[in-house]
Amino acid sequence: MADVEICDVRKSFGATEVLHGVDITIPDKSFTVLVGPSGCGKSTLLRMIAGLEKVTSGDIVIEGQVVNDVPPKQRDIAMVFQNYALYPHMKVFDNMAFSLKLAKVDPTVIEEAVHRAAGILNLEDYLERYPRQLSGGQRQRVAMGRAIVRDPRVFLFDEPLSNLDAKLRVQMRTEIRELHQRLQTTTIYVTHDQIEAMTMADQIVVMHDGIIEQIGAPLELYDNPANVFVAGFIGSPAMNFLTGAVERGGQARVAMGNGTFLPLGEQTAAGDGQPVVYGVRPEHLELVSENDGFPADVVVVEPMGSETQVLARLEGREITAAFRERHDFHPGQKIHLRPDLAKVHLFSQESGQRL
């Protein structure tokens, strides 16, 4: 087990810089998720931690040791890949034992380590099978078992669930989280799926275009996003964004034009006339009478079972509302919505930063 520090790390491919001075502290025994859209640099950063990519500048520190020039096999880390990377001609036992055999570990120790990992992952009945005889979830368990037998200081996961179907992804999310709780090994997990990030992480690192947008606990990022990007990326369905200008005469509100006003709490930091982005999550919109709230026209109704999501149009802009109660909405219907003022987010139009 070990803590990991990423200190002002930059990475360039030729003249193109893809990581721009990244700083992250990953505490010992924590489960940290790097999340962001494709091309944000998260997998590149993970490969640099593993030693599969060279650091252009800055330091990667594992348990107090700078490992920039340490070969991958000497970093005492284990990596689980998206494509499993199993040897098709080897049985499950041999796949899991391979790294220990290369290290010339005593066969008795190898036997114990493989059976211990197989017990943790419920693979005891599959040790004599070949990868082609396993399901996708079982293959992913084998890849995880191969990492567990090494008893590394750090686990690295590079989008390990992307090849699985939706039901199996949910199951494997739970299994990986339970595995971490049992082993207490420092874990760094890369994904583009913010649901995986929210449900698995102790700490989320949101990346975008090679920079860190925000670091924090899942609910901290959900409740207090630092900027428009984080607010829109974390949460499903995504936060609604409406643009307008603040009016502070009497009760503070945001004027969208055409006579539509969005209410604000009294503690807003925005100045009178300031252009802002008004953010409110779908579940924080309440259905009210026509004498209250603002009007919107129903476009699409999506019954989800546990809730009903409604795509509506407000002044030519689409917004989403989510209701736990059952409502008989239909396209074209006019409804009135009121935001929970304690849950409204206000951002600068110019910088995108939270006000």
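K29 sits in the loop between β2 and β3 (31–35), with helices (H or I, at least four residues) and strands (E, at least two) taken as DSSP runs numbered from the N terminus. This is a predicted model, where local features need pLDDT of at least 70, side-chain atom pairs count only at pLDDT 80 or more, and totals for chains, interfaces and linings use all residues. Residues are numbered from 1 along each chain as its sequence is written, and side-chain values use heavy atoms, with hydrogens and water left out.

**The whole protein**

- The secondary structure adds up to 8 helices and 20 strands.
- Along its principal axes, the C-alpha trace spans about 80 × 45 × 35 Å.
- Of the 355 residues, 48% count as buried; here buried means under 20% relative accessible area, exposed means over 50%, and partly exposed is in between (1.4 Å probe, protein chains only).
- Take the contacts with a separation of 6 or more: residues 24 or more positions apart account for 66% of them. Contact means heavy atoms within 4.5 Å.

**Backbone oddities**

- Most residues other than glycine have a negative phi, and most peptide bonds are trans.
- K29 goes against that habit with a positive phi of about 70°, although it is not a glycine. K29 is partly exposed, at a relative accessible area of 39%.
- D151, in the loop between α4 and β7, also has a positive phi, near 50°. At 56% relative accessibility, D151 counts as exposed.
- K104 comes just after α2 and takes a positive phi of about 60°.
- The peptide bond from S236 to P237 is cis, with omega near 0°. P237 belongs to the loop between α8 (228–233) and β11 (240–247).

**The open antiparallel sheet**

- An open sheet is built from 4 strands in the order β2-β1-β4-β5, with antiparallel pairing. Two strands pair if DSSP finds at least two bridges between them.
- The edges belong to β2 (16–26) and β5 (65–66); each has a single partner strand, so one side of each is left without a neighbour in the sheet.
- Strand β4 (residues 57–62) and β5 run antiparallel and are joined by 2 bridges. I62 is found opposite Q65 in β5.
- Helix α1 (residues 42–50) lies across β1 (4–13), β2 and β4, and runs at about 115° to β1. For such angles, axes are lines fitted to C-alpha atoms (for helices, over the stretch in contact), and values run from 0 to 180 degrees between N-to-C directions.

**Strand β7 and its parallel neighbours**

- All 5 of the 5 residues of strand β7 (residues 154–158) are buried, so the strand is largely enclosed by the rest of the structure.
- In a regular strand the side chains alternate between the two faces of the sheet. Both faces of β7 are covered, with V154, L156 and D158 buried on one side and F155 and F157 buried on the other.
- Strand β6 (residues 77–80) pairs with β7 in the parallel sense over 4 bridges, and I77 has V154 as its bridge partner in β7.
- Strand β8 (residues 186–191) also pairs with β7 in the parallel sense, over 5 bridges. Here F157 stands opposite Y189 of β8.
- β7, helix α5 (residues 166–183) and β8 form a right-handed β-α-β unit; right-handed means that, with the strands pointing away from the viewer, the path from the first strand over the helix to the second runs clockwise.

**Helix α2 and its partners**

- Helix α2 (residues 92–102) and helix α4 (residues 136–148) have axes that come within 7 Å and cross at roughly 35°.
- The crossing of α2 past α4 is right-handed, meaning the near helix is turned clockwise from the far one by less than a right angle, while anticlockwise would be left-handed.
- From α2, V92, N95, M96 and S99 meet V142, G145 and R146 of α4.
- V92, F93, N95, M96, A97 and L100 are the buried residues of α2, and the buried residues of this helix pack against α3 (107–120) and α4.

**Helix α7 and L219**

- L219 is part of helix α7 (residues 218–223). At 58% relative accessibility, L219 counts as exposed.
- L219 and I234 are 15 residues apart in sequence and, C-alpha to C-alpha, 9.7 Å apart in space.
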